[in-house]
Amino acid sequence: MRITVFGLGEAGSSIAADLAAAGADVHAYDPADVATPDSVARHESPKTAVKGATLVISATAAKDAQRAIAQAWSEMKRGTIYADLSTAPPGLKQDLADTAAIRGLVFADVALMAPVPGKGLATPALASGPGATVYAETISALGGKVEVVSHRPGDAVARKLLRSVVTKGWTSVLIESLQAAEVQGDVHWVWEHLVELVSGADETLMRRLITGTPQHIDRRVVEMESAQAFLESLGVPATMTAATAESLRRIQDAGMPGGVPPA
């Protein structure tokens with residue numbers, strides 16, 4: 001099987017290397033000055049890279065996703081699986097699927113659900129879109145781990161982005177708290193306390209934090225406004241703390257939104 005990979009960055013190079021090691025005939029294109037994995041045929045042109053490919057994997061940044069599919073669109077044969085691994089928003093994934101359909105390509109929206117280094121092709125992934133099933137079967141046969149979500153483009157990346165609201169937001173909150181703790185001189189205590197909190201987190205804690213919000217909303221608003229004022233007095237940007245206070249004020253005014261699954 002001939003597979004083309006667009007993008008030989010951290011994710012693309014690792015995936016391309018594993019595909020080649022699994023026995024695939026791997027070709028690649030990347031205009032950047034990056035290394036080429038062993039056993040991967042690097043091309044100077046995206047159009048030559050895709051000729052004869054059964055599967056084209058685009059491992060570019062979201063801002064480059066449209067350019068990636070357009071760069072060799074006319075050279076890809078009808079029926080080629082085109083898998084976009086970027087974290088583009090669902091609407092853009094649908095646009096990519098529409099573009100692919102005009103050429104007769106079979107589009108797969110793929111969301112990588114863990115860091116690729118150290119896992120490569122075996123990185124857990126979700127797939128949606130018309131080509132999700134055949135992509136999952138193809139990659140799984142070569143050592144990948146792909147779960148099909150649906151046949152609607154954007155559903156896979158939507159799940160990843162919904163999770164990212166927490167994982168990336170959580171990271172920013174931790175950084176903000178630790179930055180303030182360093183200024184205050186309490187960084188070791190705060191670090192140990194946060195590690196204990198994170199280590200003990202489970203569904204019971206999640207439900208208590210969320211369902212307890214309406215009951216304690218007034219106190220929580222005051223507490224976060226105090227936290228914001230404290231961080232600002234330390235000279236620490238309180239971006240996440242201020243956003244939390246604003247979110248709680250909205251709940252205070254409009255009531256608690258839904259979204260918590262029944263126990």
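Visitor: What makes the space of about 80 Å³ the largest cavity here, and why is it called a cavity rather than a pocket?

Guide: The largest cavity has a volume of about 80 Å³, the volume being the space filled by probe spheres set on grid points joined across faces, edges and corners. A cavity is a set of points on a 1 Å grid over the protein atoms alone where a 1.4 Å probe fits but cannot get out, whereas a pocket is an open set with protein on both sides within 12 Å along at least five of seven lines. The model is predicted, with local features needing pLDDT of at least 70 and side-chain atom pairs pLDDT 80 or more, while totals for chains, interfaces and linings use all residues. Residues are numbered from 1 along each chain as its sequence is written, and side-chain values use heavy atoms, without hydrogens and water.

Visitor: How many cavities of 30 Å³ or more does a search of the whole structure find?

Guide: The search yields 1 such cavity. Its lining includes Ile15, Leu112, Tyr135 and Lys145, and helix H5 (132–141) and strand E8 (145–150) each supply at least two lining residues.

Visitor: How do the residues of this cavity lining divide into nonpolar, polar and charged?

Guide: There are 9 nonpolar, 2 polar and 1 charged; Ala, Val, Leu, Ile, Met, Phe, Trp, Tyr, Cys and Pro count as nonpolar, Asp, Glu, Lys and Arg as charged, and the others, Gly among them, as polar.

Visitor: Which residues lie nearest the centre of the largest pocket?

Guide: Trp170, Val173, Leu197, Leu209 and Thr244 do, among 48 lining residues. This pocket holds about 2,500 Å³ of space, and its lining comprises 29 nonpolar, 10 polar and 9 charged residues.

Terms used:
On a 1 Å grid over the protein atoms alone, a cavity is a set of points where a 1.4 Å probe fits but cannot get out, and a pocket is an open set with protein on both sides within 12 Å along at least five of seven lines; lining residues have an atom within 4 Å of a point. Helices (H or I, at least four residues) and strands (E, at least two) are DSSP runs, numbered from the N terminus.
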